[in-house]
Amino acid sequence: MAKIGVEQSLTNVQQALREKGYDVVELKQESDARNVDCCVVTGLDSNVMGMQDTVSKTPVIDANGMSADEVCREVESRLQ
């Protein structure tokens with residue numbers, strides 16, 4: 001199953017993805033995003049400086065305003 005990186009504060013999303021059989025990794029630091037198939041973030045850390053250095057080419061889902069089920073559906077659609 002796919003490996004999904006999820007920000008620490010999104011515990012409900014982590015739980016929902018685990019229940020669907022995904023391997024969930026908490027994103028605590030930049031290096032945690034290196035070997036995942038998809039990342040889920042809160043969107044609270046906006047890019048104030050306008051820098052666009054990327055660590056990973058994987059899809060990034062902004063979970064702001066989404067339920068855990070909506071995030072799971074988005075993850076599934078991005079991984080197809």
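In what order do the elements of the protein run from the N terminus on? They run β-α-β-β-β-α. That makes two helices and four strands. The model is predicted. The protein has 80 residues, and 34% of them count as buried. Among contacts with a separation of 6 or more, 39% join residues 24 or more positions apart.

**The sheet**

- The four strands form an open sheet in the order β2-β1-β3-β4, and the pairing is parallel.
- β2 and β4 (60–62) are the edge strands, so each pairs on one side only.
- Neighbouring strands of this sheet are turned against each other by 25° on average, direction ignored.
- Strands of a sheet pair through backbone hydrogen bonds, either parallel or antiparallel.
- β1 and β3 run parallel and are joined by three bridges.
- One residue to find in this pairing is Ile4, whose bridge partner in β3 is Cys38.
- β3 also pairs with β4 in the parallel sense, over three bridges.
- Val41 stands opposite Asp62 in β4.

**The helices**

- Helix α1 lies across three strands: β1 (3–7), β2 and β3.
- The direction of α1 is at about 165° to β1.
- Helix α2 (residues 68–78) packs on the sheet and touches β1, β3 and β4.
- The direction of α2 makes about 155° with that of β4.

**The nonpolar core**

- In soluble globular proteins, nonpolar side chains tend to be buried together.
- The largest nonpolar core here holds 17 residues.
- Which of its residues touch the most other members? They are Ile4, Val6, Val13, Leu17, Tyr22, Val40 and Val75.
- β1, α1, β3 and α2 each supply at least two residues of this core.
- α2 gives the most, with four residues.
- Val6 shows how far such contacts reach along the chain. Beyond its neighbours within four places in sequence, Val6 is in contact with Val13, Gln14, Leu17, Val24, Val25, Glu26, Leu27 and Val40.

**Gln14, a residue of helix α1**

- Gln14 is found in helix α1 (residues 11–19).
- Is Gln14 buried or exposed? Its relative accessibility is 4%, under the 20% cut-off, so Gln14 counts as buried.
- The side chain of Gln14 reaches the backbone oxygen of Glu7 at 3.2 Å.
- Not counting residues up to four places away in sequence, Gln14 touches Val6, Glu7, Gln8, Val24 and Glu26.

**Val36, a residue of a loop**

- Val36 sits in the loop between β2 (23–27) and β3 (38–41).
- Val36 has a relative accessible area of 6%, under the 20% cut-off, so this loop residue is buried.
- Which residues does Val36 contact, leaving aside its neighbours within four places in sequence? The list is Lys3, Ile4, Gly5 and Thr58.
- Take Lys3 from that list. Val36 and Lys3 are 33 residues apart in sequence, yet their C-alpha atoms are 5.0 Å apart in space.

**The cysteines**

- A disulfide is a covalent bond between the sulfur atoms of two cysteines.
- How many disulfides does a search of the whole structure find? It finds zero.
- Why is Cys38 not bonded to Cys39? The sulfur of Cys39 is the closest cysteine sulfur to that of Cys38, but the distance is 6.6 Å, which is too far for a bond. The cut-off for a disulfide is 2.5 Å.
- Cys39 is likewise in no disulfide.
- Cys38 has a relative accessible area of 0%, so Cys38 is buried.
- Cys39 is buried too, with a relative accessible area of 6%.

How values were computed: Residues numbered from 1 in each chain as written. Predicted model: local features only at pLDDT ≥ 70, side-chain atom pairs only at ≥ 80, totals over all residues. Heavy atoms only, no water. Buried < 20%, exposed > 50% of the residue type's maximum accessible area, 1.4 Å probe, protein only. Contact = heavy atoms within 4.5 Å. Polar contact = N/O pair within 3.5 Å; in protein donor to acceptor, adjacent residues only side chain to side chain. Pairing = 2+ DSSP bridges. Axes fitted to C-alpha atoms, helices over the stretch in contact; angles between N-to-C directions. Core = buried A, V, L, I, M, F, W, Y, C linked by side-chain atoms within 4.5 Å.
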